Amino acid sequence: MIDLHSHVLPGLDDGAADLDEALRICEAAAADGTDVLAATPHVRADYPTTPAQMEAALAEVRRVVEGIVRVVPGGELDLDELARPSEELARFGLAGNPRWLLVETPYAGWPLDLADRLFRLRVAGFETVLAHPERNYDVEQRPELLQPLVSAGTLVQLTAASVEGRLGRAAKNCAFDLLDRGLAHLIASDAHAPELRGVGLSAAAAAVGDDDLARWLTDSVPRAILEDATAPPRPGQKSRRRRWFQR
């Protein structure tokens with residue numbers, strides 16, 4: 001499996017505190033079946049990570065986790081950081097692919113100019129992955145908000161803990177609603193901690209209830225970003241009986 005969202009780089013944000021914790025996150029990811037882990041520190045006002053800081057921390061983590069898991073670069077960019085120079089944004093390219101950026105969805109409120117901001121990125125040569133929108137209250141109430149963004153080419157990343165249900169009923173119901181609508185493309189851990197429940201993807205993949213779709217979400221699509229390739233078509237999702245509280 002390929003996990004394209006984690007906070008494994010030490011000392012840059014609210015993720016790993018030091019190299020020892022970074023090592024334990026990587027060991028937990030590998031034990032859960034993850035082969036590639038993207039290091040995507042926050043890039044926002046409270047964590048003003050620079051490309052140079054990300055790259056230096058990445059080099060240190062790679063040194064201590066060699067042979068355990070492949071760690072690739074990235075950044076989780078706040079909407080207010082998208083106006084940075086293109087060459088700087090490219091250094092935060094997701095999985096080291098300078099064409100792709102991971103953009104953080106705010107947890108409260110829905111930015112009315114989000115489509116315009118993502119369009120401007122596309123004009124500048126970037127494609128985008130929208131991180132964890134199922135945890136946004138407005139999206140939980142109106143999942144169709146994502147339809148125009150996806151139609152324009154944006155990919156949607158769900159958090160593994162949302163799919164599993166550990167982030168609550170609302171996030172889980174929204175995650176599966178987005179899957180049912182064809183509005184979700186990746187599952188990632190958004191790991192901040194070394195525990196398997198914090199970093200692993202396998203439980204979320206099992207919760208999807210469709211092996212082919214789970215493989216597409218945790219390998220095929222993230223691999224296409226990693227290798228700058230075209231992702232295979234989304235497999236047909238098998239019918240899934242939903243409990244009354246998931247409707």
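**Helix 11, the parallel strands and selected residues**

Helix 11 covers residues 211-226 and contains 16 residues. From first C-alpha to last it reaches 21 Å, close to the 22 Å expected at 1.5 Å a residue. The model examined here is predicted. Helix 11 has a kink of about 40 degrees, centred on leucine 217. Leu217 is also among the buried residues of this helix. The others are Leu213, Ala214, Trp216, Thr218, Ser220, Val221, Pro222, Ala224, Ile225 and Leu226.

Both ends of helix 11 show a local feature. At the N-terminal end, aspartate 210 acts as a cap. One of its side-chain oxygens lies 3.0 Å from the backbone nitrogen of aspartate 212. Just after the helix, aspartate 228 takes a positive phi of about 55 degrees.

Attention now turns to the strands. Strand 7 spans residues 100-104. Five of its five residues are buried, so the strand is largely enclosed by the rest of the structure. Both of its faces are covered. Trp100, Leu102 and Glu104 lie on one side, and Leu101 and Val103 on the other.

Strand 7 runs parallel to strand 6, residues 76-77, and two bridges join them. Glutamate 76 has leucine 102 of strand 7 as its bridge partner. Between these two strands the chain passes through helix 3, residues 86-91, in a right-handed β-α-β crossover.

Strand 8, residues 127-131, is also joined to strand 7. Here five bridges are formed, and the strands again run parallel. Leucine 102 is paired with valine 129 of strand 8. The connection from strand 7 to strand 8 goes through helix 4, residues 114-123, and this β-α-β crossover is right-handed. Leucine 102 thus appears in two pairings, with glutamate 76 and with valine 129. In addition, valine 103 stands opposite leucine 130 in strand 8.

In strand 8, four of the five residues are buried, so this strand too is largely enclosed by the rest of the structure. Three bridges join strand 8 to strand 9, and the two run parallel. Across this pairing, alanine 131 stands opposite glutamine 157 of strand 9.

A separate open sheet is made of three strands in the order 1-2-5, with parallel pairing. Strand 1 (2-3) and strand 5 (70-72) stand at its edges. Each has a single partner strand, so one side of each is left without a neighbour in the sheet. Strand 2, residues 36-38, is joined to strand 5 by three bridges. Within this pair, alanine 38 has valine 72 as its bridge partner.

Two strand residues were examined individually. Glutamate 104 is found in strand 7. With a relative accessibility of 5%, glutamate 104 falls under the 20% cut-off and so counts as buried. Its side chain makes a polar contact of 3.1 Å with the side chain of arginine 44. Beyond neighbours within four places in sequence, glutamate 104 is in contact with His42, Arg44, Glu76, Leu77, Asp78, Leu79, Ala131 and His132.

Threonine 159 belongs to strand 9, residues 155-159. This residue counts as buried, at 2% relative accessibility. Its C-alpha atom is separated by 5.3 Å from that of alanine 188, although the two residues are 29 apart along the chain. Apart from neighbours within four places in sequence, threonine 159 contacts His132, Glu134, Arg135, Leu167, Ala188, Ser189 and Asp190. His132 is thus a contact of threonine 159 and of glutamate 104.

Aspartate 190, one of the contacts of threonine 159, has a backbone feature of its own. Its phi is positive, about 55 degrees, although the residue is not a glycine. Aspartate 190 sits in the loop between strand 10 (186-188) and helix 9 (196-199). At 7% relative accessibility, aspartate 190 counts as buried.

Alanine 95 also has a positive phi, near 60 degrees, and is a residue other than glycine. Its place is the loop between helix 3 and strand 7. Alanine 95 is buried, with a relative accessible area of 7%.

Definitions and conventions. Residues are numbered from 1 along each chain as its sequence is written. This is a predicted model: local features need pLDDT of at least 70, side-chain atom pairs count only at pLDDT 80 or more; totals for chains, interfaces and linings use all residues. Side-chain values use heavy atoms; hydrogens and water are left out. The expected span of a helix is 1.5 Å times one less than its number of residues. The bend at a residue is the angle between axes fitted to the seven residues ending there and the seven starting there. Buried means under 20% relative accessible area, exposed over 50%, partly exposed in between (1.4 Å probe, protein chains only). A polar contact is a pair of N or O atoms within 3.5 Å; within protein, one must be able to donate a hydrogen and the other to accept it, and residues adjacent in sequence count only if both atoms are side-chain atoms. Two strands pair if DSSP finds at least two bridges between them. A crossover is right-handed if, with the strands pointing away from the viewer, the path from the first strand over the helix to the second runs clockwise. Contact means heavy atoms within 4.5 Å.
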